[in-house]
Amino acid sequence: MSETIFMGGGGDGYSAPQNLLLGKANRHGLIAGATGTGKTVTLQIMAEGFSAAGVPVFLSDVKGDLSGLAVSGSADFKLHAPFMTRAETIGLDLQYDSFPVTFWDLFGEKGHPIRATVAEMGPLLLSRLMDLTDVQEGVLNVAFRVADEEGLPLLDLKDLQALLVWVGQNAKDLSLRYGNVASSSIGAIQRQLLVLENQGGSSLFGEPALDLADMMRTRDGRGEINILAADQLMGSPRLYATFLLWLLSELFEELPEVGNPDKPKLVFFFDEAHLLFDDAPKALVDKVEQVARLIRSKGVGVYFVTQNPGDIPDDVLGQLGNRVQHALRAFTAKDRKELKAAAETYRDNPAFDTADAIQQVGTGEAVTSFLDRKGIPQIVERTLIRPPSSQLGPIDAPTRTAIMSASDMAGKYDKTMDRDSAFEMLSKRAEAAAKAAEEAEAEEAKLEEKEREFKAARRYDGGRSTKRSTRSRSASDDSFGGAIASVVVKELKGTTGRRLVRGILGSLFKGR
């Protein structure tokens, strides 16, 4: 098996092979360039190379073009002749081929459904997803803590909505323990949950949740290429970015340490990476930086795909060792500044000026720098990127449907589960409290009826009596008994009845 992925030819006449070392592929990477300069093709050939080496891949298909990985390219393709010319130039024996692909889709339309639970997503990512303020994020953290203490599983959005109602009803007691829990903050979170639900977020949350092992399979020695259909998802960019960050975080938390493997366990491509960092709070950026720094020891390589390297924070950009920079345009002063900054991140090549090269490379060409065997970035080269072996462009709907039907994942995630969780548990508590309150009211009504009967009987007996001594004793007894009965009934109607109901509600809202 080859230890490298051939990316293209560089140097004079594009004759010097430019290779990505599999042993350094978990040191992460960057694919950057303006729209239409060839980033998608570069991503495609990287996915092909990793799959051929037995490395599973996850990538998002923002435009629908990458579904072509599932079928072989052909000589009938209109770019066949230019591709063969390019292959000859860089010394590549181009053979068309297809690759094992699994399609995924949050909405379950163009791929197998993919879900996470609310608890797995956690308050930090949910706050980012809903664009909550710091105060609202604090209330959401309180809600998650209460869910843990009360044993209330948070699986889908209705669980979280029910829990927030519970928190609002117990705001006074919770504020004493965790700080102020304002009803206005709870209302704001509920409104944002409604917006998220309208954007399709309810499709993301629930069970069965994704098993990460299903993303890390091989087939006949080739790594499975997991393609997330993201064309519809891009209509909710914050949902898109948050989901990918959650998936990356799950990989970080669940995979064991493997040190420096001969090849990655998984390669993760984060397309439209700028969406992850746009207006992101520092806590979230720090989380991404931590994951990027540490996840490579778990055998996962992360490749950010974006238009400009400036879209990536410096702390993250500094960890991306393998780089493919397609053309950048410099029409404004800001563009020129960003171009200069991009050029300065490469080791200079005395044969050309890096900033000029980044402006001048054509479609399908790039300036590249990959790590050598010592983990040192090589000098920058102008590289003619190799053509893909699989189909360039999307597949048709019948082909996609056939691939999905034949997949091992067919049927595994199609039907949602709705086991007892926070919503059902709180509903049962509320029903029990309501039933107990009804029984207390019925008992109170019975006592009132007995009181009326007792008073009526006393008046009747008093009128019928003829003996003074008997009348005196009866009046005395009746007067004493009536007074006692009135006190008992009053107590049952007032304090005791309310105490009974309040005790039941206390068990509902204050304790397990």
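In this predicted model, Gly 64 sits in the loop that links strand E4 (57–61) to helix H2 (80–90). The relative accessibility of Gly 64 is 12%, a value that counts as buried. In space, the C-alpha atom of Gly 64 lies 7.7 Å from that of Gly 393, although 329 residues separate the two in sequence.

The pairing of Gly 64 with Gly 393 can be set beside the contacts of the chain as a whole. Of the contacts between residues at least 6 apart in sequence, 78% join residues at least 24 apart. The protein chain holds 16 helices and 14 strands, and 49% of its 512 residues are buried.

Helix H4 (134–150) offers a good place to start on the helices. With 17 residues at 1.5 Å a residue, H4 should span 24 Å, and this agrees with the 24 Å between its end C-alpha atoms. Its buried residues are Gln 136, Val 139, Leu 140, Val 142, Ala 143, Phe 144, Val 146, Ala 147 and Glu 150. Glu 150 and Gln 136 thus appear in the buried set alongside residues such as Val 139 and Phe 144. Just after H4 comes Gly 151, with a positive phi of about 65°.

Two helix partners of H4 can be described in turn. The axes of H4 and H5 cross at roughly 95° and come within 10 Å. The two helices are therefore roughly perpendicular to each other, since angles of 65 to 115 degrees count as such. On the H4 side, the contact is made by Leu 140, Ala 143, Phe 144, Val 146, Ala 147 and Glu 150. On the H5 side, it is made by Leu 160, Leu 163, Leu 164, Trp 166 and Val 167. Glu 150, listed among the buried residues of H4, is one of the residues in this contact.

The other partner is H7, which packs against H4 at an angle of about 90°, with the axes 9 Å apart. That angle makes H4 roughly perpendicular to H7. Here Val 135, Gln 136, Val 139 and Leu 140 of H4 meet Ser 185, Ile 186, Ala 188 and Ile 189 of H7. Leu 140 takes part in the contact with H7 and also in the contact with H5.

Helix H7 itself covers residues 183–198. Its 16 residues should span 22 Å at 1.5 Å a residue, and the distance of 23 Å between its end C-alpha atoms agrees with this. Ser 185, Ile 186, Ala 188, Ile 189, Leu 193 and Leu 196 are the buried residues of H7. Viewed down the helix axis, the buried residues fall within an arc of 160°, so they line one face of H7. The face turned away from that buried side carries the exposed residues Ser 183, Ser 184, Arg 191 and Asn 198. Helices H3 (118–130), H4 (134–150), H5 (157–169) and H8 (237–254) are included in what covers the buried residues of H7. H4 and H5, the pair with crossing axes, are thus both part of the cover over H7. After H7 comes Gly 200, whose phi is positive, near 100°.

Attention now turns to charged side chains. The model contains 18 salt bridges. One of them joins the side chains of Asp 156 and Lys 158, at 2.8 Å from N to O. Asp 156 is buried, at 13% relative accessible area, whereas Lys 158 is partly exposed, at 23%.

Another salt bridge brings together Glu 365 and Arg 382, with an N to O distance of 3.4 Å. Glu 365 belongs to strand E13 (residues 365–369) and Arg 382 to strand E14 (residues 381–385), so this pair ties together parts that are 17 residues apart in sequence. The relative accessibility of Glu 365 is 8%, which means that Glu 365 counts as buried. Arg 382, at 23%, counts as partly exposed.

Lys 428 and Asp 420 also form a salt bridge, and their closest N and O atoms are 2.9 Å apart. Both ends of this pair are partly exposed, with a relative accessible area of 48% for Lys 428 and 39% for Asp 420. Beyond these pairs, Arg 217, Arg 219, Glu 224 and Asp 408 are joined into one network by salt bridges that share partners.

Notes. Residues numbered from 1 in each chain as written. Predicted model: local features only at pLDDT ≥ 70, side-chain atom pairs only at ≥ 80, totals over all residues. Heavy atoms only, no water. Helix = DSSP H or I, 4+ residues; strand = E, 2+ residues; numbered from the N terminus. Expected span 1.5 Å × (residues − 1). Buried < 20%, exposed > 50% of the residue type's maximum accessible area, 1.4 Å probe, protein only. Arc of directions from axis to C-beta. Contact = heavy atoms within 4.5 Å. Salt bridge = Lys/Arg side-chain N within 4 Å of Asp/Glu carboxyl O. Axes fitted to C-alpha atoms, helices over the stretch in contact; angles between N-to-C directions. Parallel < 35°, antiparallel > 145°, perpendicular 65-115°, else oblique.
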